Amino acid sequence: MKKIYLIELLRFLSSIGVILHHYEIFFFRFNELNNIKISDNFELLPLNHILKLFYIYGDYGVQMFWCISGFIISYIYLDRIKSNDAKKFFVNRFSRLYPLHFITLIFVALLQLLNLSVFNKFMIFENNDLYHFVLNILFISSWGLEKGMSFNQPIWSVSFELIVYILFFLTVLGFKKLNLIKLIVIYVLILLLNKSNFLYDQSALNILVSDQHNDIISCIQLFLSGMIIYRIYKLDNKFFLLVFSNLLLGISLIGNFKIFIFCPALIMAVIAIENYLSINNKSVKNILSTMGQITYSCYLIHFPVALIAIMSVKEK
């Protein structure tokens, strides 16, 4: 299957954006070792004149992840998945996501126990008890059952994706063929339900409605956007893809920033650019492919690394 290399680059840059955004959160906002109000002193951050946008808006990388995930999962599975593929589909997802999650969870738990022993308190995230450990082990740490942030907290966005993977598989099986029109109709229906506040009024759905900006619904919308992008990509009209993506990019930047338009627009623009560039250099392909492959690792490892750095400073 042909790989779209600039998508791998976009995944990597999105992860770097999140890491840089978390840098100022972990080392300043949540770090009790200093009293700097970093939101008023961004010039103190390293290479601020180059990286300021990442420091401020890098958390949008999570939304970009969700949209890219929708495109990639559709690219691999949408036209190939069958009812008897459930085991293979979920084993593939589990084997890719869970091992590193488990390793970093155990590592962070040990670091927090060390913090508790040496400093008599946990660092950064406070809810590191047995209850939240079980939620993390089960990969459901952000499904509405939690009492706050815990352990390797950045995993929250991946925890949401597990719900979306289940919905993706069920939806694909529920329709004979998920064409572009059906996907747009599903997207519009979810958007209308969200805007009407219907989901907020259903107490039975509390587990799916986050108190933090209704993130699970956002995840579903952006994942669906990625699926729609895949269908547009399959139309195989390079000129339309380029023009349409640039039009949406312009709309997303006019007035208030519109992340739900910006993410799919940027992905389409990247795909359109690669269609015209035709990346053929083997070394470039390998570099871009590697950047995409280490994205998940960077995302999960960056908090333990930050925790070690903060602990080292505190010990001094």
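Is D79 buried, partly exposed or exposed in this predicted model? With a relative accessible area of 37%, D79 is partly exposed. The close-up views below begin with the surroundings of this residue.

**Figure 1. Salt bridges that share partners join D79, K177 and R231 into one network.** D79 lies in the loop between α3 (61-78) and α4. One of its partners is R231, and the side chains of R231 and D79 meet in a salt bridge with an N to O distance of 2.6 Å. R231 belongs to helix α8 (residues 215-234) and stands 152 residues from D79, so that this pair links distant parts of the chain. In contrast to the partly exposed D79, R231 is buried, with a relative accessible area of 9%. K177 also forms a salt bridge with D79, the closest N and O atoms being 3.8 Å apart. K177 is placed in the loop between α6 (156-174) and α7, 98 residues from D79, and this pair likewise links distant parts of the chain. At 47% relative accessibility, K177 counts as partly exposed.

**Figure 2. A salt bridge within helix α1 pairs E8 with R11.** The closest N and O atoms of E8 and R11 are 3.0 Å apart. The two residues are separated by about one helical turn, because they are three residues apart in helix α1 (residues 5-29). Both E8 and R11 are buried. A search of the whole structure finds three salt bridges, and the E8 pair is one of them.

**Figure 3. C67 and C263 are in no disulfide.** The cysteine sulfur nearest to that of C67 belongs to C263, at a distance of 5.6 Å. The two sulfur atoms would have to lie within 2.5 Å to count as a disulfide, and therefore this pair does not qualify. For the structure as a whole, the count of disulfides comes to zero. C67 is buried, with a relative accessible area of 0%. C263 is likewise buried, and its relative accessible area is 0%.

**Figure 4. Six residues make a nonpolar surface patch.** I181, I184, V185, V188, L189 and L192 form this patch, which covers about 530 Å². V188, one of its members, is found in helix α7 (residues 180-195). At 36% relative accessibility, V188 counts as partly exposed.

**Figure 5. E126 lies in the loop between α4 and α5.** The loop joins α4 (86-119) to α5 (130-137). E126 counts as partly exposed, at 42% relative accessibility. Leaving aside neighbours within four places in sequence, E126 is in contact with K121 and M149. E126 and F151 are 25 residues apart in sequence, while their C-alpha atoms are 8.1 Å apart in space.

**Figure 6. Confidence varies along the predicted chain.** The average pLDDT of the protein is 84, and 86% of the residues score at least 70. Among the elements of the protein, α5 has the highest mean pLDDT, at 95, and helix α2 (residues 48-57) the lowest, at 78. Over residues 201-213 the pLDDT is below 50. This stretch has 16 contacts in the model beyond near neighbours in sequence. Where pLDDT is low, the predicted coordinates should not be read in detail.

Definitions and conventions:
Residues numbered from 1 in each chain as written. Predicted model: local features only at pLDDT ≥ 70, side-chain atom pairs only at ≥ 80, totals over all residues. Heavy atoms only, no water. Patch = residues over 30% accessible without salt bridge, like charges linked within 9 Å, V, L, I, M, F, W, Y side chains within 5 Å. Areas by Shrake-Rupley, 256 points an atom, 1.4 Å probe, with all protein chains shown as cover. Salt bridge = Lys/Arg side-chain N within 4 Å of Asp/Glu carboxyl O. Helix = DSSP H or I, 4+ residues; strand = E, 2+ residues; numbered from the N terminus. Buried < 20%, exposed > 50% of the residue type's maximum accessible area, 1.4 Å probe, protein only. Contact = heavy atoms within 4.5 Å. pLDDT = per-residue confidence, 0-100.
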